[in-house]
Amino acid sequence: MARADKAIAVAELESEFEGSSGAVLTEYRGLTVAQLKELRVALGGNAKFAVAKNTLAKIAAKNAGINALDELLQGPTAIAFVRGDVVEAAKGLRDFAKANPLLVIKGGVVDGKSMTPAEISKLADLESREVLLAKLAGALKAKQSQAAATFAALPTNMARLAEALRAKREEAGE
C-alpha cells in the first residue's frame, strides 16, 4: 500500500471512529465473501462492517482518542462501526456469530468505554431503545393516571365526609 493510500485509509477509519457511537472488533477468518455480505445486510443501517489493517486501525483509533483497542487489533480484524442503535448492532453480530461460528467477537468500545465480548453479549440481550422508551412512557403514564385518580378522589372523599358529619349531627339532634 502506498504512503498516500495509507494516509487516506487512516483518515477514513478515523472519521468512522469519530462518527460512530461504538465499534465492535471481530475476527472473520474463514468466512466467505458471501457470508460477509450477508452480515453487512443483517446489520443494515445500524452499523458499517469494514475489514481493516491492524496498524492503520491502531493509528486511526489513537487519532480519534480511543486507546483501548491495541490489544484487540491482532490477527485478521473487521470492525463494525455502529451508527444507529448499539443494542441492535450487538444483536445482529451475536446472532450472526451463533449461526456462523467462524465470526468471533473480540471486543470493542461503546461511547468511549472499552467492552469485552461478554459485555457486548450482555448488551445484545437488552431490549431495543424503542422498546425501553415505550416501557418508560407506559410507566410514566401509569404514575400520572394514579396521581390524577388520587387528586380526583380528594373532593369526593371530602364531600362524603361532610355528608357523614351532617348526618351524624342530625342524629344527635344538633
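Contact, as the word is used for the helix pairs below, means heavy atoms within 4.5 Å. The structure shown in these views is a predicted model.

**Close-up 1. Helices α4 and α5 pack against each other in a left-handed crossing.** In this view, V86, V87, A90, K91 and R94 of α4 meet I120, S121, L123, A124 and D125 of α5. Sorted by class, the residues of this contact between α4 and α5 comprise six nonpolar, one polar and three charged. The two helices pack at an angle of about 110°, and their axes are 8 Å apart. Because angles from 65 to 115 degrees count as roughly perpendicular, α4 and α5 are therefore described as roughly perpendicular to each other. Helix α4 also holds G92, which counts as buried because its relative accessibility is 15%, below the limit of 20% that defines the term. Between G92 and A124, which are 32 residues apart in sequence, the C-alpha to C-alpha separation is 8.2 Å.

**Close-up 2. Helix α5 has a buried side and, opposite to it, exposed residues.** Helix α5 spans residues 117-125, and its buried residues are I120, L123 and A124. These three cover an arc of only 100° around the axis, which places them on the same side of α5. On the other side of α5, the exposed residues are K122 and D125. The partners against which the buried residues of α5 pack are β1 (22-27), α4 (86-99), β4 (104-110) and β5 (113-115).

**Close-up 3. Helices α1 and α3 pass each other in a right-handed crossing.** The axes of α1 (residues 3-19) and α3 (residues 54-63) come within 8 Å, and they cross at roughly 50°. An angle of this kind lies outside the ranges for roughly parallel, roughly antiparallel and roughly perpendicular, and α1 and α3 are therefore oblique to each other. From α1, the residues K6, A9, V10, L13, E14, F17 and E18 take part in the contact, and they meet L56, A57, I59, A60, A61 and N63 of α3. Divided by class, the contact of α1 with α3 contains nine nonpolar, one polar and three charged residues.

**Close-up 4. Helix α3 turns one face of buried residues towards its packing partners.** The residues N54, L56, A57, A60 and A61 are the buried ones of α3. Viewed down the axis of α3, these buried residues fall within an arc of 160°, so they line one face of the helix. The buried residues of α3 pack against α1, and also against β2 (47-52) and β3 (77-82). Just after α3 comes G65, whose phi is positive, at about 90°.

**Close-up 5. Helix α2 carries buried leucines on one side and exposed residues on the face turned away from them.** Within α2 (residues 33-43), the residues L36, L39 and L43 are buried. They cover an arc of only 55° around the axis, which puts them on the same side of α2. The face of α2 turned away from this buried side carries A34, K37, V41 and A42, which are exposed. The buried residues of α2 pack against the strands β2 and β3 and against helix α4. After α2 follows G44, for which phi is positive and near 60°.

**Close-up 6. Residue T26 in strand β1 is buried.** T26 lies in β1, and it counts as buried because its relative accessibility is 0%. When its neighbours within four places in sequence are left aside, T26 is in contact with F49, P76, T77, A78, L93, L103, V104, I105 and K106.

**Close-up 7. Residue D111 is exposed in the loop between β4 and β5.** The place of D111 is in the loop that joins β4 and β5, and D111 counts as exposed because its relative accessibility is 63%, above the limit of 50% used for that term. The C-alpha atoms of D111 and N157, which are 46 residues apart along the chain, are separated by 52 Å.

Terms used:
Residues numbered from 1 in each chain as written. Predicted model: local features only at pLDDT ≥ 70, side-chain atom pairs only at ≥ 80, totals over all residues. Heavy atoms only, no water. Buried < 20%, exposed > 50% of the residue type's maximum accessible area, 1.4 Å probe, protein only. Helix = DSSP H or I, 4+ residues; strand = E, 2+ residues; numbered from the N terminus. Arc of directions from axis to C-beta. Axes fitted to C-alpha atoms, helices over the stretch in contact; angles between N-to-C directions. Parallel < 35°, antiparallel > 145°, perpendicular 65-115°, else oblique. Left-handed = near helix turned anticlockwise from the far one by under 90°. Nonpolar A, V, L, I, M, F, W, Y, C, P; charged D, E, K, R; others polar.
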